[in-house]
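Reader: Hi, I'm new to this structure and a bit lost. Could you pick one part, take me through it slowly, and then show me what else is worth a look?

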Amino acid sequence: MGRYREHFTLYARRRKNGAKVWYYKTYSPDGVRTCGKSTGLESKAKARAYCEELFKKGKLWGGSCKLFGDFAEGFFDETSAWFRDRMSCGTEDCPALSQSYIKTIRMHLKAYILPFFRDCKMEDLRPSLTKLFRVELLEKGFRTEKGAIRPLAPKTVNNVISTFKLITDAALADGIIMFDPLRTIKPLKGNERPRDMYDMAELKKIVTTVKDTRLYVPVLMAICTGMRASEVLAVRAETLHENYIDVIDQVYNGQYVPLKTKEARKIPICVELHDLIINNFPNMTYPQLSCEFRKVISSAGLEDEKKKRGLCFHSFRHTFNTYLLAENVPPHKVAAVMGHSSGAGSMQERYTNWRAEMMPEVYAAQEKLLRDIMTENNY
């Protein structure tokens, strides 16, 4: 059995005046012996106690003198090792990182993380400093173009911390820092309003209120398929089939990009909905859709309900999900239609290449919903 290796080694040096002072050497996380450091103590017992105390506090190993800014600058650039490694885990058709996610983490680094940590030594990264960073984001947030200070919402702060963790995890793995600066830190709790669903009367009111012909079909598609707004806007001739929509991508900044879940799916559509879509494919940008839909909510007299219940275009997704379950559509088929990510080997995986006759309950529920929300005037 090998000899147990202590966390540090003590050795003595004599000063010019003859006094003996104890120094210590320790090991980096990858086992490399570090340079000696003085304890400033002449007693070996006191020097040992001093080193033991440093070890308990996580300060025995001094870490790297590299500044955080030097380590993190360009961390998410396309040429960085982290970026290239992550992207190698995906394919051309299904990238490991979406463009929206890449844009977000780069913004987090540039706008929030680097301004706070840039001049900090990597060895000084501690949970206490991370907590201070969170407080700064909550209280000061960011400065608007007009110079006003606007605090960040807890959810946004949690997202920034998640981006910070990507960097610190890499530093831990490389042995640049010894202890996790996010250790024991739990996500902040927000006061977000839960997103409610529309009832049948509200759906009828919305459909009746829509005046913009470009918005009419996207609204019906969202109500009767549960598709996200970005997925609705991506529907085109090559993804529309006689009895289903091939949901293979979404629109982001005017471009077709991978889906949020990275998993393509097929959504059943009844004949009536198919005929409406094929004669009027979505032809709006996401900002245009959002703007026009806000006008519809206001004209339909649902502004107060929107504020109270958090209603929005995405609420159609919650509505359709609940409607299918209420119509006794099996949960695993609902998950397949909605695109709920549930992992490999799940029931959803079995329905990846389903045939039309496998979803009769969905067609029936969709036809009923479409009849209920449309009047004779707009049918």
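Author: Sure! Let's begin with the outside: the protein exposes about 21,500 Å², and carbon and sulfur atoms supply 51% of that area. Keep in mind that this is a predicted model. Of its 379 residues, 44% count as buried. The chain has 16 helices and nine strands. Take the contacts between residues at least 6 apart in sequence: 61% of them join residues at least 24 apart.

Now for the close look, and I'd pick the aromatic rings. The structure holds 16 aromatic pairs. One of them is F117 with F133, an edge-to-face pair with 4.9 Å from centre to centre and 65° between the planes. F117 belongs to helix α4 (residues 99–117) and F133 to helix α5 (residues 127–139), so this pair ties together parts that are 16 residues apart in sequence. Both F117 and F133 are buried.

Stay with F133, as it has another partner: F133 and F164 make a tilted pair, 6.2 Å centre to centre, with 55° between the planes. Here F133 in helix α5 meets F164 in helix α6 (residues 154–173), so the parts tied together are 31 residues apart in sequence. F164 is buried, just like F133. Step back a little and you'll find these rings in one aromatic cluster, made up of F68, F116, F117, F133 and F164.

Rings also turn up with charged partners. The charged end of K25 sits over the ring of Y11, 5.6 Å from its centre. In another spot, R236 lies over the face of Y256, at 3.9 Å from the ring centre.

From Y11 and K25 we can move on to the strands. There is an open sheet of three strands, in the order β1-β2-β3, with antiparallel pairing. β1 (8–14) and β3 (37–41) stand at the edges with a single partner strand each, so one side of each has no neighbour in the sheet. From one strand to the next, the twist averages 35°. β1 and β2 (residues 20–26) are joined by seven bridges; for L10, the bridge partner in β2 is Y24. Lying across β1, β2 and β3 is helix α1 (residues 44–56), which runs at about 140° to β1.

Another strand pair sits further along the chain. β6 and β9 pair in the antiparallel sense over four bridges, and V247 stands opposite R265 in β9. Strand β9 (residues 265–268) sends R265 and I267 one way and K266 and P268 the other way. All four of these residues are buried.

Let's finish at T239, in the loop between α9 (229–232) and β6 (244–247). Is T239 buried or exposed? T239 counts as buried because its relative accessibility is 2%, and the cut-off for buried is under 20%. So what does T239 touch, leaving aside its neighbours within four places in sequence? T239 is in contact with A234, Y244, I245, D246 and I248.

Methods
Residues numbered from 1 in each chain as written. Predicted model: local features only at pLDDT ≥ 70, side-chain atom pairs only at ≥ 80, totals over all residues. Heavy atoms only, no water. Helix = DSSP H or I, 4+ residues; strand = E, 2+ residues; numbered from the N terminus. Buried < 20%, exposed > 50% of the residue type's maximum accessible area, 1.4 Å probe, protein only. Contact = heavy atoms within 4.5 Å. Areas by Shrake-Rupley, 256 points an atom, 1.4 Å probe, with all protein chains shown as cover. Phe/Tyr/Trp six-rings, centres within 6.5 Å; stacked < 30°, edge-to-face > 60°. Lys NZ or Arg CZ within 6 Å of the ring centre and 35° of its normal. Pairing = 2+ DSSP bridges. Axes fitted to C-alpha atoms, helices over the stretch in contact; angles between N-to-C directions.
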